[in-house]
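Got the viewer open and both hands free? Here is a short walk through the model, one selection at a time.

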Amino acid sequence: MQNKVDQLLHKPLVIINLGLKRFTESLAEQKVEVVQVDWAPPAGGDKAMEDLLDRLL
Amino acid sequence: MASGFVIRKNQYYDSVFLMGISKRISDTKGVQQNAVLMGSDNNKKLLSNIGIQDTHIDAAHPNDLIVAVIADTPQIVNDVLDKLDEYLEVDVQSSSASSLHSFEDGLAQKPDANLVAISVPGEYAAREARKALESDLNVFIFSDNVSIDDELDLKKSAVKKTLLVMGPDCGSSLIGGVGIGFANVVRKGSIGVISASGSGLQEFTCQVHNSGFGISHAIGTGSHDLSDKIGGLTTLMALDALEADPQTTVITLLSKPPGAKTIAKLSERLKNCKKPVVGCFLGIKNEIEGGTSFPCARLIDDAVQLSIRQIDDKSFSSQVQFTVQELELMSRQMASWSTQQKYMRGLFAGGTFCYQSQQIFQDAGIPVYSNVPLDPKYKLADPDRSIEHTIVDMGDDQYTVGRPHPMIDSTMRKQRILAEGHDSQVAILLLDFILGYNASMDPVGELIEPITEAKLLAQKRGGALTVVASMCGTDDDPQDLSLQTRMVKESGVIVFPSNAKAARFCCDLIKRRLEGSHAK
């Protein structure tokens, strides 16, 4: 069985893009299957709440 | 002078979007300075540095938008801040918003994903990458400012799961012909690349393409991968993958000098590699201590030729040599300089070009100052003030925190070109233009005006400014290499197809200038 890296090199790319939208646009331009995530800091940017959520989830 | 700011709670935008808004505000008459950023601790420090401080800013969160303006009058400040919604609206309309806001949302939408690309602020990048690895996904981390401990932890987890972590600080990769991050349109072929440098990867792949050959995969590792702390974990994974890849017949490694333990480990691993390997470790002073088990090139151009020779049996010759016409051009340039003109100033968007150019001057025995010097004794005290021969990496942190990278926006380079133009001792300006996905759509057009102005300033002083540039791109890039090259030539710039050749041309000019002054 191929490992995940070999699969990455040999199968069509399917990409989740977290952050810069222009990366998604350039991948779509290259006919790559890509989904854009308009990422925002977790827990509204509250670090203490973020740590708590990480422990709970 | 007046200043003011607004805070928009819970309005998060990515950094490139914010830079677009900032650029539009800076075009407003009377605006001296502006900052459009999210309320992270780093950004609050930046605001403080430009004199914008307030308890409301202290209390802002990383997902709160802060817009600060410094302008000639309070009226201009108020007008800009009042029009903020207009600025935001126009830019939001130009790009459709996604309904997905977390990695989990993305995975639910694409359960068959095989790669996660991460370009969120550095302090959050490791957290998102961990989630991707836990879901058995390979990762490309464009974000920088990820701690070396986090990088090591991520890469160790990836090795256990046989996953690839490209980055952090990975500017570019080409997987099966697909460009991720800053990347050029290059044909598929049989040369595989593993690179710790984004602009190095672009220069190498473009030169392979422009020589009529192609790339199987070009895997970015992030700039710290070959440090002894990380120990080349991604490089070794990429080597295994390219060794097993039937499309790849030769593997090229590009990096700054690796750590001593890491190069020994790499050399040992490569003794048993089934495919030929070529190395190119830029910025290294001499040969690698103890040698390597594979051939190493000093310059990217030579690494390209060595790699091509592995698949095409033509004899190797260093490409960095000049024609008779180019040598005559050198003489004409020198003849046009005034007696005062004697220094070279290199202003680069690509970090690797800054490194490689310094190496070329260092090899010729000509000291060069820099904000990222090869030799610490030539570190610029103030990166904004050149000393004698100076080469500046305009993509280094001090120019890019809270500002667009020079590959996206040329504002900082424009200002620096003009500043160098006012220095009567400057004889040569050395530049780079980088094309490809996600780079500026008109990198040459953005700099023609300051180049022309700097040349005029030198003429008014009775001399002439020699401007030399290298082009990194292909004719298939969105910007069109031929068109950009023609534009830059028409503005009186001497153009070379590689940074090594452009830097060597400048270095030879300076050597001749020195020999001439000694002869007198």
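Start where chain B meets chain A: across that interface there is one salt bridge. Keep in mind that this is a predicted model. To see the bridge, select K110(B) and E33(A), whose closest N and O atoms sit 3.0 Å apart. Polar contacts also cross the interface of chain B and chain A, with 20 residue pairs found at pLDDT 80 or more for both partners.

Now colour the side of chain B that touches chain A. The elements giving two or more residues to it are the helices α1 (15–26), α6 (103–109), α7 (122–134) and α10 (233–244), along with the strands β4 (115–118), β8 (178–181) and β10 (215–220), all of chain B. Next, show every contacting residue: 59 from chain B and 40 from chain A. How much area do chain B and chain A bury between them? The figure is about 4400 Å², with 63% of it on carbon and sulfur atoms.

Switch to aromatic side chains. Over all chains, a search of the whole structure turns up ten aromatic pairs. Pick Y369(B) and Y378(B) for an edge-to-face pair, with 5.2 Å from centre to centre and 90° between the planes. Is Y369(B) buried or exposed? Its relative accessible area is 17%, under the 20% cut-off, so Y369(B) counts as buried.

Then go to F496(B) and F505(B). Their ring centres are 5.0 Å apart and the planes meet at 50°, so this pair is tilted. Both F496(B) and F505(B) are buried.

For rings from both chains, select F23(A), F142(B) and F182(B), which ring pairs link into a cluster. While you have the rings on display, look at F433(B) too: R413(B) lies over its face, 5.7 Å from the ring centre.

Last stop: S498(B). You'll find this serine in the loop between β19 (494–496) and α19 (499–519) of chain B. With a relative accessible area of just 3%, S498(B) is buried. What does S498(B) touch, leaving aside neighbours within four places in sequence? Show E203(B), Q207(B), D301(B) and S470(B), which are the residues in contact with it. Add C472(B) as well: its C-alpha atom is 6.8 Å from that of S498(B), although the two are 26 residues apart along the chain. Finally, zoom in on the side chain of S498(B), where a polar atom lies 3.1 Å from the backbone nitrogen of K501(B).

How values were computed
Residues numbered from 1 in each chain as written. Chains lettered and ligands numbered in written order. Predicted model: local features only at pLDDT ≥ 70, side-chain atom pairs only at ≥ 80, totals over all residues. Heavy atoms only, no water. Phe/Tyr/Trp six-rings, centres within 6.5 Å; stacked < 30°, edge-to-face > 60°. Buried < 20%, exposed > 50% of the residue type's maximum accessible area, 1.4 Å probe, protein only. Lys NZ or Arg CZ within 6 Å of the ring centre and 35° of its normal. Contact = heavy atoms within 4.5 Å. Buried area = accessible area lost by both parts, 1.4 Å probe. Salt bridge = Lys/Arg side-chain N within 4 Å of Asp/Glu carboxyl O. Polar contact = N/O pair within 3.5 Å; in protein donor to acceptor, adjacent residues only side chain to side chain. Helix = DSSP H or I, 4+ residues; strand = E, 2+ residues; numbered from the N terminus.
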